[in-house]
Amino acid sequence: MLAVKPWIGTVNEPFLWNQSLGKTVSRQREIEQYPAYLRASAIYSRLWDMGDFTVVFSLELLEGWRERSVEVSIKREIDGCLKELQRIGIRFNKIDEIREYLLQFPDIIEATVKIAELAVAYLPEAQFTLEVYQDPEIEDNHLVLYARFKDYERPVMERIRGIRRECRRHLIGKTGWLHLTTDFQPAG
Amino acid sequence: MGRKYANPPLVEAVCEFRFTPDTQWDMTIPGLVYEKLKDEFPRREQRLFQEIELIQGPDGLQRQIRTSERIVFLMEDRKTFVQIGPRLLAINCLAPYPTWAGFKPKIVKAFEALMDTTDVKGLQRVGLRYINLIEIPSSQIKLEDYFQFYLFLGPELPQVMVNFIVGCEFRYAHDRDLCRVQLITTPSSSSERPAFTLDIDYFLAQPKGIKPEEVAEWVEQAHNEIEQIFEGCITDRLRELFQEVK
């Protein structure tokens, strides 16, 4: 039994820690003999939002890690959200303010990812920037996802309004808010 | 007594309890616990979570997704809150951290409120977790200058990493407890300021390894170990950034 159990691997170069052999298995052919492990790694890499990293566990390790699938840390939940947004190409303006907003309104963490995914899917040519909008006149702030385009010849607002209708169901009953719009700035 | 910092990296501390399946649980429990905590945690909210569980079946690991409800009781400043879900109790504390002397009584109070409400048969898991966000004001850094816990790359590997995660588990109390330490790259405010999450999770690894009445003593011990691990993970250069108060 090891006192320290290491794990790390990338999507292209996964490795498997074989507890019984006491060594890593790193060749693809060898790893393919462990389909259950690979499936588990796919799930966990999604769950823990490790970006480009896939973690491959021995079953023994996996047993111990199973219960972590229920995340109780808001900070780690937000990190997961930000990494997922980054992975799909969302840029951030003042990430500290976004973190602070999500800490204040954690019930829209999941909705933020879902809305961003919808926006990216429906507006594939757009570039997106997420930021916190602070209304200068009233004490209200919310998240804004700006879609920016190279040209604005197509009916942009009409398309955005269509996506907003789709987004609304993710925001019903939430204390926070995310608004999808454009500021008609050119995509960088 | 651990070191004190004027600019501490701690962004969240969480104490989590999971109760054994034989612990009686029903949907009235959160409301009854709220009655006992509402003076300190007056705000009440509800959150839905998608939970994914891996089950070992005849065809290998299978994934089960279910939605579960968690009730959250928050203090007025929303920085400290209690989460209650099926056989789950968690007490979260966001920065600014009110010191261990301020956090521990809240853990004990919430746990006792639950103990008074239902017959807790056993503890499946107890975890005390400290999550630190460390931003370094320099674009080109050597991890070893700031951390004593980092990813080592051999000389034949590319030396520039985009992202990484490194972690390990240390054992304590004759394998009864484990401490999982992870260092992970984190989205930062600027590419000029790389950011890292140092996540230290000390937990009861053996279900029913302690009795419910031993919880206060266990969290104290867990906190001591976490302090030592934290100091063991960083170098004096980070201590300078955190501005140690002597």
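Me: Helices (H or I, at least four residues) and strands (E, at least two) are DSSP runs, numbered from the N terminus. In which loop of chain B does R87(B) lie?

Reply: This is a predicted model, in which local features need a pLDDT (the predictor's confidence in each residue, from 0 to 100) of at least 70 and side-chain atom pairs count only at pLDDT 80 or more, whereas totals for chains, interfaces and linings use all residues. Residues are numbered from 1 along each chain as its sequence is written, while chains are lettered from A and ligands numbered from 1 in the order in which they are written. R87(B) has a positive phi of about 55° although it is not a glycine. It lies in the loop between strand 5 (80–85) and strand 6 of chain B.

Me: Is K208(B) buried or exposed?

Reply: A residue is buried if 20 or more other C-beta atoms, placed from the backbone, lie within 10 Å of its own, exposed if 12 or fewer, and partly exposed in between. K208(B), in the loop between strand 10 and helix 4 of chain B, has a positive phi near 60° without being a glycine. R87(B) has 18 other C-beta atoms within 10 Å and is therefore partly exposed. K208(B) has 12 within that radius, so this residue is exposed.

Me: What is the omega of the cis peptide bond in chain B?

Reply: The cis bond joins A95(B) and P96(B). P96(B) is found in the loop between strand 6 (88–94) and helix 2 of chain B. The omega of the bond is about 0°.

Me: How far apart are the end C-alpha atoms of helix 4 of chain B?

Reply: The expected span of a helix is 1.5 Å times one less than its number of residues. Helix 4 (residues 215–233) of chain B has 19 residues, so it should span 27 Å. The model agrees, as the end C-alpha atoms are apart by 26 Å.

Me: What arc do the buried residues of helix 4 of chain B cover around the axis?

Reply: The buried residues are V215(B), W218(B), V219(B), A222(B), H223(B) and I226(B). They lie on the same side of the helix because their arc, taken from the directions from the helix axis to the C-beta atoms, is only 135°.

Me: Which elements of chain B do the buried residues of helix 4 pack against?

Reply: The face of helix 4 turned away from its buried side carries exposed residues, among them E217(B), E220(B) and Q228(B). The buried residues of helix 4 pack against strand 2 (10–19), helix 2 (100–117), strand 7 (123–135) and strand 10 (193–204) of chain B.

Me: Which strands of chain A are the edge strands of the open sheet?

Reply: Two strands pair if DSSP finds at least two bridges between them. In chain A, 4 strands form an open sheet with mixed pairing, in the order 3-4-5-6. Those that pair on one side only are strand 3 (91–92) and strand 6 (178–181).

Me: Which residue is the bridge partner of V144(A) in strand 6 of chain A?

Reply: Strand 4 (residues 127–134) and strand 5 (residues 141–148) of chain A pair in the antiparallel sense over 8 bridges, and V144(A) in strand 5 stands opposite E131(A). Strand 5 and strand 6 of chain A run parallel and are joined by 4 bridges. In strand 6, the partner of V144(A) is H179(A).

Me: What angle does the direction of helix 7 of chain A make with that of strand 6?

Reply: Helix 7 (residues 156–171) of chain A packs on the sheet, touching strand 5 and strand 6. Axes are lines fitted to C-alpha atoms, for helices over the stretch in contact (C-beta atoms, placed from the backbone, within 7 Å), and angles run from 0 to 180 degrees between N-to-C directions. The angle is about 170°.

Me: Which element of chain A has the lowest mean pLDDT?

Reply: Chain A averages a pLDDT of 72, and 63% of its residues score at least 70. The pLDDT is below 50 over residues 22–68 of chain A. Where pLDDT is low, the predicted coordinates should not be read in detail. Strand 6 of chain A has the highest mean, 96, and the lowest, 38, belongs to helix 2 (residues 35–47) of chain A.

Me: What ipTM does the predictor give the complex?

Reply: Chain B averages a pLDDT of 91, and 93% of its residues score at least 70. For the complex, the predictor gives a pTM of 0.78 and an ipTM of 0.80.

Notes
Contact = placed C-beta atoms within 7 Å.
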